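Hello,

Here is the structure we discussed handing over. My notes on it follow below.

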Amino acid sequence: MDTQLLESILIRQLKTGEAPPYKLLLDADPSLEAISRYLEVSDIYVGLLKDKVIAAFVLYRTDADTIEIKNIAVDDSVQNRGIGWLLLNTATQIAISKGAKSLIIGTSNSSVAQLYLYQKNGFEITGIKHNFFADNYPEPIFENGIQCKHMIMLAKPLQLNN
Ligand code: ACO
């Protein structure tokens, strides 16, 4: 963790008219079509370092009690320094402030580091969408030598203040 770096980051919601950070969003989800679909109905948050967008996450309300992190990404140049952790904690606080009881996230069976990070941050595996990537993406995707086939769903219960 890089405390000095983390203290320099400002996280805020993207304003109307500002362009979504597509390059970052495509790092987390290779389907521009899928991204465009959920951006229309989601809130986009960006992390700024010296006015430059270096991170992003997207929150979508799936039902009255649940908010999903549809996309989360940190620029390559500043990964592994605690920003992903900061984004997860910020998303958690936002979900609590919006009255959600659960924050959920889905990632591939092959995304080993992401599965590690999310579980360490308090998410637990709740289900598997079998062949989600194999069925919905045009080309086979490989990561860490493993085929990206299934979507692993995780959930974090949220403590409500009232
Ligand atoms: N306390 C404990 N552990 C911490 C803390 C803390 N305060 N801060 C960081 N860490 C740890 C993490 O748990 C992890 O542990 P490790 O050091 O033992 O490996 C490590 O620090 C890395 O975490 P971060 O540095 O916070 O993660 P990073 O900034 O690299 O962001 C992310 C993670 C978003 C997955 C990034 O690698 C990325 O953008 N990857 C490409 C896109 C992607 O795959 N996105 C997710 C797809 S799934 C989806 O979008 C729904």
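**Salt bridges, ligand and surface**

Lysine 70 has a relative accessible area of 30% and is therefore partly exposed. Its side chain meets that of glutamate 68 in a salt bridge, with an N to O distance of 3.8 Å. Glutamate 68, by contrast, is buried, its relative accessible area being 10%. Please keep in mind throughout that this is a predicted model.

The salt bridges come to five in total. Two others, besides the pair just described, are worth setting out.

One of them joins the side chains of aspartate 2 and arginine 81, at 2.7 Å from N to O. Aspartate 2 sits in the segment before α1 (3–7) and arginine 81 in the loop between β4 (66–74) and α4 (83–97), so this salt bridge ties together parts that are 79 residues apart in sequence. Both ends count as partly exposed: aspartate 2 has a relative accessibility of 22%, and arginine 81 has a relative accessible area of 32%.

Another is formed by the side chains of lysine 101 and aspartate 65, again with N to O given, here at 3.8 Å. This pair links distant parts of the chain, 36 residues apart: lysine 101 is in the loop between α4 and β5 (102–108), and aspartate 65 is in the loop between β3 (52–63) and β4. Lysine 101 is partly exposed at 47% relative accessibility, and aspartate 65 is partly exposed with a relative accessible area of 34%.

Which acidic residue is buried yet has no salt bridge? That is aspartate 75, for which the nearest side chain of opposite charge, lysine 52, is 4.7 Å away. A salt bridge requires a side-chain nitrogen of Lys or Arg within 4 Å of a carboxyl oxygen of Asp or Glu, so a separation beyond that cut-off does not count. Aspartate 75 lies in the loop between β4 and α4. What its side chain does have is a polar contact of 2.6 Å with the side chain of serine 77.

Next, the ligand. It is surrounded by 24 residues, the closest being Ile72, Gly82, Trp85, Gln114 and Tyr116. Oxygen atoms of the ligand come close to polar protein atoms in several places. For glutamine 114, a polar side-chain atom is 2.6 Å from a ligand oxygen. For tryptophan 85, a backbone N or O atom is 2.7 Å from an oxygen atom of the ligand. For valine 74, a polar backbone atom is 2.8 Å from a ligand oxygen. On its own the ligand has 1000 Å² of accessible area, and the protein covers 77% of that.

On the surface, Tyr22, Leu26 and Leu32 make a nonpolar patch of about 250 Å². Leucine 26 belongs to helix α2, residues 22–28. Its relative accessibility is 33%, so leucine 26 counts as partly exposed.

Finally, serine 102. This residue is in strand β5 and is buried, with a relative accessible area of 19%. Buried means under 20%, so serine 102 would not need much more area to leave that class. Between the C-alpha atoms of serine 102 and glutamine 4 the separation is 31 Å, and the two residues are 98 apart along the chain.

Regards

Key: Residues numbered from 1 in each chain as written. Predicted model: local features only at pLDDT ≥ 70, side-chain atom pairs only at ≥ 80, totals over all residues. Heavy atoms only, no water. Patch = residues over 30% accessible without salt bridge, like charges linked within 9 Å, V, L, I, M, F, W, Y side chains within 5 Å. Areas by Shrake-Rupley, 256 points an atom, 1.4 Å probe, with all protein chains shown as cover. Helix = DSSP H or I, 4+ residues; strand = E, 2+ residues; numbered from the N terminus. Buried < 20%, exposed > 50% of the residue type's maximum accessible area, 1.4 Å probe, protein only. Near = heavy atom within 4 Å. Polar contact = N/O pair within 3.5 Å; in protein donor to acceptor, adjacent residues only side chain to side chain. Lys, Arg positive; Asp, Glu negative; His and termini not counted.
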